[in-house]
Amino acid sequence: MPKGKKGPQGKRITLKVAKNSIRVAFNGRRRLDLSKMGIATFPKCILELADVEELDLSRNMLRKIPNIIEKFQNLMWLDLHSNQLDELPAEIGTLQNLTYLNLCNNKLTTKGLPEELTRLKNLRTLNLGLNCLETLPTTLGTLRELIELGLFDNSLTLIPKSVKRLPKIERMNVKRNPLPEFAKEEEPIDTVKRIESLYLVEKKDLCSSCLEMCQGERDELHKLEDMTPGPSDKPNFSSLTTPNSTAMDNQEEWRMK
């Protein structure tokens, strides 16, 4: 950052504010919820509360997570989504109890993922979607407890085999990446080719009940065609703007497969 220029100051969090932000989650864990507080700098005062099991710093303006994150050794759940992070500290690998880590909607690059991330052997959910990743470290394949992995909306052209073969993976979202397997558009479905058997008969060869059934289905089809609006019938909402999907409040819904 150029000399003399300061980044966003953000809201100052005091220890009193932090203590009042502790909630008991449905699972009985204590969650320090500092989400949507306008925080631009990691509040050092929360080191007094480093024994919490869950920490939510999502939807703020954080540009850096300091190495003092290692003081939160009881953390099982860490949410950092929707900040301005472009790298993680190596000390994040010391949080051995982490099972959930949400890093979605940041500015993380491949270089910003420390090798120590692979020390999180108990991690079950990892969200790296909506970042700036061009490649994935093959070492992520050592996170053998992973069940959910979000990689959507990055610049990935390859998913390492070690990651594809994670033994417990159930949901892996790789949508909206320039992956070769998604480069070709799907061929239009030829409905005739998909029919296993097709029999053509004249009306005179049908019994009365079969003829009545066929004519009824044909009439229903014609009704549907008449109800289909033409191009000029489409509603026009020119004054409405398209919502920004990356600004959705509920970033925990990852659009998993």
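**Exercise 1. Work out whether F42 is buried or exposed.**

Step 1: F42 has 6% relative accessibility, so count this residue as buried (buried is under 20% relative accessible area, exposed over 50%, partly exposed in between, using a 1.4 Å probe and protein chains only).

Step 2: Try F72 too; its relative accessibility is 0%, so F72 goes down as buried as well.

A heads-up before you go on: this is a predicted model, where local features need pLDDT of at least 70 and side-chain atom pairs count only at pLDDT 80 or more, while totals for chains, interfaces and linings use all residues. Residues are numbered from 1 along each chain as its sequence is written, and side-chain values use heavy atoms, leaving out hydrogens and water.

**Exercise 2. Find how many aromatic pairs the structure holds, and describe the one formed by F42 and F72.**

Step 1: You should find 2 aromatic pairs (Phe, Tyr or six-membered Trp rings with centres within 6.5 Å; planes under 30 degrees apart are stacked, over 60 edge-to-face, the rest tilted).

Step 2: F42 and F72 sit 6.4 Å apart centre to centre with 90° between their planes, making an edge-to-face pair.

Step 3: Now place them on the chain. F42 is in the loop between β2 (30-33) and β3 (54-56), and F72 is in the loop between β3 and β4 (77-79). That is 30 residues apart, and the pair links distant parts of the chain.

**Exercise 3. Classify the pair W77 and Y100, then say which strands hold these residues.**

Step 1: The ring centres are 5.0 Å apart and the planes meet at 5°, so W77 and Y100 are stacked.

Step 2: W77 belongs to strand β4 and Y100 to strand β5 (residues 100-102), so parts 23 residues apart in sequence get tied together.

Step 3: Check the burial. W77, at 9% relative accessibility, is buried, and Y100, at 11%, is buried too.

Step 4: Look at R31 as well: its charged end sits over the ring of W77, 3.9 Å from the centre (the rule is NZ of Lys or CZ of Arg within 6 Å of the ring centre and within 35 degrees of the ring normal).

**Exercise 4. Count the helices and strands in the protein chain.**

Step 1: There are 3 helices and 8 strands (DSSP runs numbered from the N terminus: helices H or I, at least four residues; strands E, at least two).

Step 2: Reading along the sequence, you get α-β-β-β-β-β-β-β-α-β-α.

Step 3: For the burial of the whole chain, 35% of its 257 residues count as buried.

**Exercise 5. Locate L158 and decide whether it is buried or exposed.**

Step 1: L158 is in the loop between β7 (148-150) and α2 (161-164).

Step 2: Its relative accessibility is 59%, so L158 is exposed.
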